[in-house]
Amino acid sequence: PMNRLLQGEVGSGKTVVAMAALLQVAAAGYQGAIMVPTEVLAEQHFLTVRRLLEGLADPAQSEFQLSITLDPLPRPITVGLLLGSMTAKQKREMHGLLSEGAIDVIIGTHAIIQDDVEIPRLGLAVVDEQQRFGVMQRAALRRRGDSAHLLVMSATPIPRTLALTLYGDLDLSTIDELPPGRQTIRTRVVETSRRFAVYDFIRKEIEAGRQAFVIYPLIDESEAINARAAVKESDRLATDVFPNQRVGLLHGRMAMSEKQEVMDRFRNGEIDVLVSTPVVEVGIDVPNATVMLIEGADRFGLAQLHQFRGRVGRGEHASYCILVAEAPSDDARERLSAMERIDDGFQLAEVDLQLRGPGDYFGTRQSGLPDLRMARLTDTDILALAREEARTILDRDPALTEPEHAALAQALSRFTAPVGGEVG
């Protein structure tokens, strides 16, 4: 089965590629699944699919289901949405439809890999924003089917993914161009003492007819705490900073209908400043938004920062990403400096590789120095040569049972004990 990473910049068309593959799978009589890290993104994917396929849609669609007709198939293809926040009754209904094979393509969050979810004819598992999932979660999705194909997608591959790609676990496909008209985004790191100058700049952009995002970090693992922090900051900005502008709020604790209403209002120009937690990392396309202000920027990794930045620069107007950090560590300063210098997601991933290390090659850690010893993490020529040698040996002796491979088999056994579903 396929085990492939599809990488491309924010907005390069990865979702369209994934949907084409999922519809192929459904047309062949199998089921497909796309797993994403947040409910907002799952909802966005569902709405994007509805928008892309609206000319084929069956009028009988509902909030969590969409039927489309693909000629010359004898029956419609049904796309479903599965979220952790759905009621128990809604989940039971979706679980039943999935296990019966009545849902052809399911879009959802971690809810897809819960124990009571069965996808008996899963032929293709797609993981979007793969850097937000662990190895075990991806393996759990794949195990829903019998040798299902796996497609993981990322706008900024994390170091572990780069290392696995070099080591041969993942095949690699790259979309190396952006849609026409995509802007280069000017990125600056700003001291906290200049925050009010940033607010003045945002006001000027709004007066010119533009819109802005203001992002606050996830303070700890509690969504509730994060939501309250966003509410507090939203009130402060609306009252003290932007009293003459329209300030909106978006966070993960809101109901799907509330999130959709806020996003629609922002997209339609009815909100000037959208205050948000990291739920806007992906899935929101507002060409008129030109400023992305990220508070607590030192709390985010390069992948997330690059994703936030990709929310602006989508229209004809010059766009800006402003990073504010309270007391950044030396490592955080290096990350923020890289964001200022580099606007290419693949180059940022290489910087991330050098800063963080690639994680365990045969484990579940996402960063840090590996147990496997090598001269330099960036010795790509040696890695490529070793990969070809390994393939040659495994083609001839897959189990490493020949006497000349005994020492190699013994050395390999030290690394393979904890291997999950991604390393073969």
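Two strands count as paired here if DSSP finds at least two bridges between them. With that in hand, let's walk through this predicted model, starting with its sheet. Six strands make up an open sheet, and reading across it gives the order β9-β14-β13-β10-β12-β11, with parallel pairing. At the edges sit β9 (185-190) and β11 (247-250), each of which pairs on one side only. From one strand to the next, the twist averages 15°. As background, strands of a sheet pair through backbone hydrogen bonds, either parallel or antiparallel.

A good place to look more closely is β10 (211-215). On one side, β10 runs parallel to β13 and is joined to it by five bridges; four bridges join β10 to β12, again in parallel. Ala212 is a handy residue to click on: it stands opposite Val291 in β13, and it also stands opposite Val273 in β12. How much of β10 is buried? Five of its five residues are. Gln211, Phe213 and Ile215 point one way from the strand, while Ala212 and Val214 point the other way. Moving on to the edge, β11 pairs with β12 (residues 273-276) in the parallel sense over four bridges, and there Leu249 has Val275 of β12 as its bridge partner.

Now for the helices that pack on this sheet. Helix α9 (residues 302-309) touches β9, β10, β13 (289-295) and β14 (319-324), and its direction makes about 150° with that of β13. Helix α10 (residues 330-341) also packs on the sheet, where it touches β9 and β14; its direction makes about 150° with that of β9.

Next, turn to the aromatic rings. A pair of aromatic rings is described by the distance of the centres and the angle of the planes. Searching the whole structure turns up five such pairs. In one of them, Phe201 and Tyr320 meet edge-to-face, at 4.9 Å centre to centre and with 85° between the planes. This pair links distant parts of the chain, with Phe201 in helix α6 (residues 195-207) and Tyr320 in strand β14, 119 residues apart. Are these two rings' residues buried or exposed? Phe201 has 27% relative accessibility, so it counts as partly exposed, whereas Tyr320 is buried, with a relative accessible area of 18%. The cut-off that decides this is 20%: under it, a residue is buried.

Phe300 and Phe308 form an edge-to-face pair too, because their ring centres are 5.0 Å apart and their planes lie at 80°. Phe300 counts as buried at 3% relative accessibility, and so does Phe308 at 0%. Elsewhere, ring pairs link Phe196, Tyr199 and Phe242 into a cluster.

Finally, go back towards the start of the chain, to helix α1 (residues 14-27). Does its length fit the expected rise, and what span do its ends give? At 1.5 Å a residue, its 14 residues should span 20 Å, and the end C-alpha atoms are indeed 20 Å apart, so the two agree. The buried residues of α1 are Lys14, Ala18, Met19, Leu22, Leu23, Val25 and Ala26. They cover an arc of only 165° around the axis, which means that they lie on the same side of α1. The general rule behind such a pattern is that an α-helix has 3.6 residues a turn, so residues three or four places apart point the same way. Just after α1, Gly29 takes a positive phi of about 95°.

Definitions and conventions
Residues are numbered from 1 along each chain as its sequence is written. This is a predicted model: local features need pLDDT of at least 70, side-chain atom pairs count only at pLDDT 80 or more; totals for chains, interfaces and linings use all residues. Side-chain values use heavy atoms; hydrogens and water are left out. Helices (H or I, at least four residues) and strands (E, at least two) are DSSP runs, numbered from the N terminus. Axes are lines fitted to C-alpha atoms, for helices over the stretch in contact, and angles run from 0 to 180 degrees between N-to-C directions. Contact means heavy atoms within 4.5 Å. The expected span of a helix is 1.5 Å times one less than its number of residues. Buried means under 20% relative accessible area, exposed over 50%, partly exposed in between (1.4 Å probe, protein chains only). The arc is that of the directions from the helix axis to the C-beta atoms. Rings of Phe, Tyr and Trp (its six-membered ring) pair if their centres lie within 6.5 Å; planes under 30 degrees apart count as stacked, over 60 as edge-to-face and the rest as tilted.
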